[in-house]
Amino acid sequence: MKMANSLRGEVLNLYKNLLYLGRDYPKGADYFKRRLKNVFLKNKDVKDPEEIKELIERGKFVMKELEALYFLRKYRAMKQRYYSDTNKTK
């Protein structure tokens, strides 16, 4: 039972973190929230601790992908802001 409770906390933490990252999702926060909820509900009956750990790892991978997407978008915006003037003069 102890194992399940610690995994439950990890799952809830993952959900909260993904929900937070979803605020800036390109298709909108509501779209992201719906998709996230559906994925978590689809896997709500999984009881095997190993399978739960795999799903948590997949969720962490998605978090890293989202962070990379946002970082890249921010980088492109800054690059465009700072280098668009120099391209116009050439």
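The accessible surface of the chain, computed on a predicted model, comes to about 7,800 Å², and carbon and sulfur atoms account for 55% of that area. Of the 90 residues in the chain, 16% are buried.

The fold is built from three helices and zero strands, so that a reader who follows the sequence meets the pattern α-α-α. Among the contacts in the chain with a separation of 6 or more, 69% join residues that are 24 or more positions apart.

In soluble globular proteins, nonpolar side chains tend to be buried together. Here the largest nonpolar core has eight residues in all, namely Leu14, Leu18, Leu21, Phe32, Leu36, Met63, Leu66 and Tyr70, and at least two of its residues come from each of H1, H2 and H3. Two members of this core show how the parts of the chain meet. Leu14, which is found in helix H1, counts as buried because its relative accessibility is 6%, under the 20% cut-off. Leaving aside residues up to four places away in sequence, Leu14 touches Phe40, Ile56, Gly59, Lys60 and Met63, while the C-alpha atoms of Leu14 and Glu57 are 9.7 Å apart in space although the two residues are 43 residues apart in sequence. Phe32, with the same sequence neighbours left out of the count, touches Leu18, Gly22, Tyr25 and Leu66.

Beside the packing of side chains, there is the question of empty space. Rolling a probe the size of a water molecule over the atoms shows where such space is left. The largest pocket has a volume of about 1,000 Å³, and 31 residues line it, with Val11, Val39, Phe40, Asn43 and Leu55 the closest to its centre. Helix H1 (2-21), helix H2 (29-42) and helix H3 (49-89) are the elements that give two or more residues to this lining. By residue class, the lining of the largest pocket divides into 22 nonpolar, three polar and six charged residues.

One of the residues closest to the centre of the pocket, Asn43, lies in the loop between H2 and H3. Asn43 counts as partly exposed because its relative accessible area of 25% falls between the 20% and 50% limits. Leu55, also listed among the residues closest to the pocket centre, is twelve residues from Asn43 in sequence, and the distance between the two, C-alpha to C-alpha, is 8.5 Å.

Technical notes. Residues numbered from 1 in each chain as written. Predicted model: local features only at pLDDT ≥ 70, side-chain atom pairs only at ≥ 80, totals over all residues. Heavy atoms only, no water. 1 Å grid on protein atoms, 1.4 Å probe; cavity = no way out; pocket = protein on both sides within 12 Å on 5 of 7 lines; lining within 4 Å. Points joined across faces, edges and corners; volume = space filled by probe spheres on them. Helix = DSSP H or I, 4+ residues; strand = E, 2+ residues; numbered from the N terminus. Nonpolar A, V, L, I, M, F, W, Y, C, P; charged D, E, K, R; others polar. Core = buried A, V, L, I, M, F, W, Y, C linked by side-chain atoms within 4.5 Å. Buried < 20%, exposed > 50% of the residue type's maximum accessible area, 1.4 Å probe, protein only. Contact = heavy atoms within 4.5 Å. Areas by Shrake-Rupley, 256 points an atom, 1.4 Å probe, with all protein chains shown as cover.
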